[in-house]
Amino acid sequence: MIFSRLFSPAHTSSDPQKRLQAIAGLSVSKPAERSALHELAFNDSNSDVSLAALEKLDSFPLWMKMSQTARDDKIRRRAVARVESAIIDADSADMSANDQYEYVLKQAPAELARKLVESPRRETLTDAQIFALLEKIGRSDYTREFFGAFASVSMQMRIAEQCDDAVLLGRLIKKTDDTQVQTFIQDKLSALQEAAEKPARTEQAYTLVLSKLQAVTDRFDYEDVDARLQACAEELDALSADLSVLAENVVATITEKQTRLLARAQQHRDRLKVDWDTQQAERALQQEWLSFKAALSAAEEKVAWLFNERLSEATLSDVESVNDAVRELEGKADSFAQLKPAGERQALADTINELAGKLDAFSAQQQIAIRLNAVLSDAERTAADAGGAENIDDEVWRALAGRWAEHKDLLFPVADALKQRWNVLSKAKKREQTQRCVAQDNTLKQVRRLSSVVSNLIETGRFRAAMTRFTELQTLYDALGETNRLSVERKYGQLTEEIARLEGWQTYLAAPRKPTMLEEARQLAATAPADIAARAAAIKQLRKQWQSLATSQDKDEADIAFDEALEQAFAPCRAHYAEQEQQRLAAQQKREGLISELSSLTPACDDPASLAKQLDKLRQHWRDAGAVDKPVYEALKKRWDAALAPLSDNVNQWFNDNRVRKQAIIEQARSLASQEDSASVSEQAKALQVEWKNTGHAGKRHESRLWQTFKSINDELFARVKEQRNAVAEEENAQLNTLLEKVKVVGKSVKQHPEEMDAALVPVVEAMQTLDAKKQAVVQQRIDRLRKNAQQQVQEQALDDRKTAMLSLHDVLKSWLANDALPVDRDAWASLPKAWRNALTGQSAADKSRDWYTHVLELKLNIDAAPSLQAERRNVQLALMTAKLEKGDDISFSEALCAWLAHGKPGDAEFRRLLNVIGQVQENAVLLKEVV
């Protein structure tokens, strides 16, 4: 014990200097001495000794522990500096980079984290580690500062990705020059704004769809109601994905309303469907009726085709095809008992039975047709042998006509082709017989007239004229048939005897007459003809008179002179007749060309409408082709008719098909009269008009009549549609006026509480969905105007509230100065914004002096500083400008005022300066908007 006291280690000496000296001799490698160093470092009363021991130990964990546990400021500062050096210095090897990061993240204070991310050592850290350190620092202002000053592009992207604060993102975008980062931040700001607005938009969309759903019950067209209900359901399904963004109470309200309105709309649709199903059944039955009638018309056409065109050469398959079409219709008329009266159905049934009867007799009729065709062949062969039907002997023709009549009467429909062939022969023969009878009648009339003329001439002593006219009478008498001669034979015999007695006087009478007639002929030749026909008639008359005076067959000088004069007089007529002959030849050639053009057309044409137009054009050209000689015309006409017949048959069949289709369209148009839905009627009528337009011509005989019928039906339909639309328009106008009046009432009722306007307008918005787009626009315009006025009123009220707040602040500060206590129990205190009350009660702090913030407030209002404060004013202005340029920061009026109030009770001078600010800010609307 004595030796231990005499030889105690120097490091245990009570003298600090000795302990310091002893530390130099201690070895860290020896456990005992190391333990002694550790004891000195953490428990020695002298800071220098502790620091020397720590330096000797040179252990980062010990420095780190000392920085956290040291009670001595000197030791703690030295330990902190040593730790920071180990962490921040790039050349430090005290610990690995990962250990440094873990220490700073989990144990070090935030200030050390800040220093690390600002030091070059941050290059050894990953973006994730840097971001974790920024989160440890936990200050958005520092994040903004780091973003602009130290962050790499990838780190900027990382910070921007993790940031959901729109305000901070707005400031960060100003701190970067990288286009990619700017674009990303801008997109994220847009997304955040959209997310912020999404609840309001979703609620608004739900309100609109539910309004549409409610409006469905005001409509009574099943198809429209069903379509709208499905559309609303689809829209609600699409919106249901966004329900999560709404508040729970809003979701509950929407869900309840959606369930209720859907149930009501579905019940409304189900009620309408009953009547709609009935109407559909009636329409289907009506359509079946139209189809039945169309099928019957088609069957009639097929039977007519079979008898008219295929009677002689019809095959078994042809007959079976037509028979099947008729048999399918038997018994169907009774299925329309609900739709049509018994009389109409019976008439159709009788028609079907008649068609069936015709088909049953077809075989017998076909044999008769074959025999009738043989008769036609005989007649055509006889006509060909005779050079035309008109040249057939009358007895032969009567025999052929008898055979035709005998077989024709046994056919109840004679085929049009057979009839046409017979008619060609019959008409030619009848025409010849008619012409012969007419000629005989005319000749008989002329004989009787000339007989009377000759008799009168004899009685009056004009014997020469009588003999001349008798010569004409002889020619006509010889042309009469045997029967007609008998009727005038006695009179003709009497005149013959009287003329015979007068012939002896002819030579005596002719001598003085010829010179006069010769002079008359010469005068006629010397004058130009005014009328060719009159000149020819005059020449003919002179020739007949001269010939009546001839006494022998030999011509004398007078006869030759007379012939030359008449020949000269007839020269203009000959030229005229030659010209007419050329015109007739041209007309003949034109008609030949028309026949050739007609023959080039094919009956089996894919475009019957074009063929019909071509035929009409050719017919018109035929009519306008000009005159030709009668025999030539008849021969050409026969060829024309033969070439035209098959083409006309094809076109006529097309006309018939179109007529049937247009009759069916007319029936469909008539059926629309029983429908009530004006919109459906209008659309169907328009569709029928398009179908009518696309259907070809029905032929001149039927087209005009069918069109007038169809047009009158359409006029009635559209007149009814117009009347219904006018009624609907009147109803909608009344509804529009009602909604406008409701908007007006809402405007008056919420005048004192404009924030309640949207809720009050919901019934109006829902009701307006039933109007058309134009009327909705009128109501929406009125609503927008009302909302604009309300918004303006709210803004004005807000400005008034801010002015009131400024006045209340004046009263509070004045009372505080007078009573040394805040008047928290007064009304003025309650009217202050919460931020001001927090500042006045010390719940918020300011990092600048009150004078500094006073200068800021005065700068906002352009209030000049006192001369003695000009230097301070310039410093404040410089600081504000620097912060704005470097960091993009700009303190608002409201922030400056809160900071001013956070300094506690003001002095009199400070209060007076604030009073000046309060007085002027109430006249500045822009700054008033910043007051919170």
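**Rings, charges and helices in a predicted model**

In this structure, which is a predicted model, the charged end of Arg591 lies over the ring of Trp622, at 4.5 Å from the centre of that ring. Trp622 also belongs to a cluster, in which ring pairs link it with Tyr633 and Trp640. A second charge is placed in a comparable setting, for the charged end of Arg850 sits over the ring of Trp900, 4.2 Å from the ring centre.

These rings lead on to the aromatic pairs, of which a search of the whole structure finds eight. One of them joins Trp707 and Phe710, whose ring centres are 6.2 Å apart and whose planes meet at 45°, so the pair is described as tilted, a word used here for angles that are neither under 30 degrees nor over 60. Both residues lie in helix H30, which covers residues 700-749, and because they are three residues apart in that helix, about one helical turn separates Trp707 from Phe710. How do the two partners stand with respect to the surface, buried or partly exposed? Trp707 has a relative accessibility of 36% and therefore counts as partly exposed, whereas Phe710, with a relative accessibility of 2%, counts as buried, since the cut-off for buried is under 20%.

Trp852 and Tyr853 form another aromatic pair, and this one is edge-to-face, with 5.2 Å from centre to centre and 85° between the planes. Trp852 counts as buried because its relative accessibility is 16%, and Tyr853, at 5%, counts as buried as well.

Trp852 and Tyr853 are among the buried residues of helix H35, and so is Arg850, the residue whose charged end was found over the ring of Trp900. The helix, made up of residues 850-860, is mostly covered, with eight of its 11 residues buried; the buried residues also include Thr854, His855, Val856, Leu857 and Glu858. After H35 comes Asn862, which has a positive phi, near 60°.

Elsewhere in the chain, the reader can follow how two helices lie against each other. The axes of helix H2 (residues 16-25) and helix H4 (residues 47-57) come within 9 Å and cross at roughly 5°. Because angles under 35 degrees count as roughly parallel, H2 and H4 are therefore described as roughly parallel to each other. On the side of H2, the residues in contact are Pro16, Arg19, Leu20, Ile23 and Ala24, and they meet Asp48, Val49, Ala52, Ala53 and Lys56 in H4. Sorted by class, this contact of H2 with H4 has seven nonpolar and three charged residues, and no polar ones.

Notes
Residues are numbered from 1 along each chain as its sequence is written. This is a predicted model: local features need pLDDT of at least 70, side-chain atom pairs count only at pLDDT 80 or more; totals for chains, interfaces and linings use all residues. Side-chain values use heavy atoms; hydrogens and water are left out. Axes are lines fitted to C-alpha atoms, for helices over the stretch in contact, and angles run from 0 to 180 degrees between N-to-C directions. Helices (H or I, at least four residues) and strands (E, at least two) are DSSP runs, numbered from the N terminus. Angles under 35 degrees count as roughly parallel, over 145 as roughly antiparallel, 65 to 115 as roughly perpendicular and the rest as oblique. Contact means heavy atoms within 4.5 Å. Ala, Val, Leu, Ile, Met, Phe, Trp, Tyr, Cys and Pro count as nonpolar, Asp, Glu, Lys and Arg as charged, and the others, Gly among them, as polar. Buried means under 20% relative accessible area, exposed over 50%, partly exposed in between (1.4 Å probe, protein chains only). Rings of Phe, Tyr and Trp (its six-membered ring) pair if their centres lie within 6.5 Å; planes under 30 degrees apart count as stacked, over 60 as edge-to-face and the rest as tilted. A charge sits over a ring if NZ of Lys or CZ of Arg is within 6 Å of the ring centre and within 35 degrees of the ring normal.
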